[in-house]
Amino acid sequence: MSRSALPLATLRPDIARRLWTALLVLAIVVSGTLIARADERVIRVGYQKYGTLVLLKGKGLLEQKLRPLGYRVVWAEFPSGPPLLEALNAAAVDVGSAGEAPPVFAQAANPGEFLYVAHEPPAPSGEAILVAKDSPIRSVADLRGKKVAFNKGSNVQYLLVRALERAGVPYEAITPVHLSPADAAAAFARGAVDAWAIWDPFLASGERSTGARTLVNGSDLVPNRQFYLSRRSFAEANGAAIDAVVAAIGEIDAWAKDNTDAVAAELAPSIGIPAAVLSVALKRQTYGVTPLDAATVADQQRVADAFHALGLLPKPVTIADAVRKPGR
């Protein structure tokens, strides 16, 4: 078989992810071009299977708000934050959401264009490091020399960094195993890794399906915020559309906060996680989208500084340089 004919599954995970992202970027660009009429503009929204944006898609509220402004919405699903933000930086997506770590790497890759638009309040109990119920690992200090699975560049990588730091364990003392949530779940279930750093709803699912113990969650370690993101050139040229997106997120938030069981029932079929498990995750989620304030910027700067100090971020970034000012 020639190299060009190799199936995606045989490639190195990082190469496969980049190839997958490139193909998806091309598909989004083509589909957005085909459906746009001469009298309308397109806003391309990247979303993940779980979260406020997928609810927004299901309710059709964003279309209602943007149609009078002359916009059509194109939706694109991503498996996690890092590939979503790669697509954002490639100008294949105009708006998206991710946790704390992916935006830091995205800003480092595209400092002049990357833009924070808004965020949700902290939800520290919505991510954790899990170990098997019968594991001899009883503290974060016991992770020294162990294999820890997590999605590279995700918010839980920062949780792991902070937890190890507090326990006095050098990051280099563990063996990182970079896996997507689905692959990490399988590796964890069969005992191929010693611990798994993961976020909801995969966290709630892992707890339920394997009886896993929580070694530590984000409480007193990390904020675990959800950010809404765009590109500076798009946001400046389409300020009313960005404001409409944030307003629509706020409306969905207000509904979801008081209807977690209904939200769980709505999301369960598409995510493939039982509604009862999703309800656990949703009760650990926070609601109430707002612009970034000084405290949020400072927290996010700590994330960037931590990754740079470990040599995981190629260059320092200044978070405040990439924050959209209200009313812009």
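Okay, so the crossing of helices H5 and H13 is right-handed. Keep in mind that this is a predicted model. H5 covers residues 101–109 and H13 covers residues 294–309, and their axes come within 9 Å and cross at roughly 70°. Angles of 65 to 115 degrees count as roughly perpendicular, so that makes H5 roughly perpendicular to H13.

Who touches whom there? On the H5 side we have Ala101, Pro103, Val104 and Phe105, and they meet Gln300, Val303, Ala304 and Phe307 in H13. Sort the residues of that contact by class and you get seven nonpolar, one polar and no charged.

Now hop over to another helix pair. Helix H2, residues 52–59, packs against helix H10, residues 239–257, at an angle of about 95°, with the axes 10 Å apart. H2 and H10 are therefore roughly perpendicular to each other. From H2, the contact uses Thr52, Leu53, Leu55, Leu56 and Lys59. From H10, Ala248, Ile249, Ile252, Asp253, Trp255 and Ala256 take part. By class, the contact of H2 with H10 has eight nonpolar residues, one polar and two charged.

Okay, on to the sheet. Quick reminder: strands of a sheet pair through backbone hydrogen bonds, either parallel or antiparallel. Here, five strands form an open sheet, and the order is E7-E6-E8-E5-E9, with mixed pairing. Which strands stand at the edges? Those are E7 and E9, the latter being residues 213–217; each has a single partner strand, so one side of each is left without a neighbour in the sheet. From one strand to the next, the twist averages 30°.

Let's zoom in on E6, residues 147–150. Four bridges join E6 to E7, residues 175–178, and the two run parallel. If you want a spot to click on, Lys147 stands opposite Thr175 in E7. To get from E6 to E7, the chain goes through helix H6, residues 155–167, and this β-α-β crossover is right-handed.

E6 also has E8, residues 195–199, as a parallel partner, joined by two bridges. Try finding Val148: its bridge partner in E8 is Ala195.

What lies across the sheet strands? H6 lies across E5 (127–131), E6, E8 and E9, and it runs at about 70° to E5. Helix H8, residues 202–210, lies across E5, E8 and E9, running at about 135° to E8.

Last stop: two backbone oddities. Most residues other than glycine have a negative phi, and most peptide bonds are trans. So where are the exceptions?

Start in the loop between E8 and H8, where you'll find Pro201. The peptide bond from Asp200 to Pro201 is cis, with omega near 5°.

Then head to the loop between helix H4 (81–89) and strand E3 (95–98), which is the place of Ala91. Ala91 isn't a glycine, and yet it has a positive phi of about 65°.

To wrap up, here's what to look for on your own screen. Find the H5 and H13 crossing, right-handed, and the H2 and H10 pair, roughly perpendicular. Then trace the sheet in the order E7-E6-E8-E5-E9, and finish at the cis bond from Asp200 to Pro201.

How values were computed: Residues are numbered from 1 along each chain as its sequence is written. This is a predicted model: local features need pLDDT of at least 70, side-chain atom pairs count only at pLDDT 80 or more; totals for chains, interfaces and linings use all residues. Side-chain values use heavy atoms; hydrogens and water are left out. Two strands pair if DSSP finds at least two bridges between them. A crossover is right-handed if, with the strands pointing away from the viewer, the path from the first strand over the helix to the second runs clockwise. Axes are lines fitted to C-alpha atoms, for helices over the stretch in contact, and angles run from 0 to 180 degrees between N-to-C directions. Angles under 35 degrees count as roughly parallel, over 145 as roughly antiparallel, 65 to 115 as roughly perpendicular and the rest as oblique. A crossing is left-handed if the near helix is turned anticlockwise from the far one by less than a right angle, and right-handed if clockwise. Contact means heavy atoms within 4.5 Å. Ala, Val, Leu, Ile, Met, Phe, Trp, Tyr, Cys and Pro count as nonpolar, Asp, Glu, Lys and Arg as charged, and the others, Gly among them, as polar.
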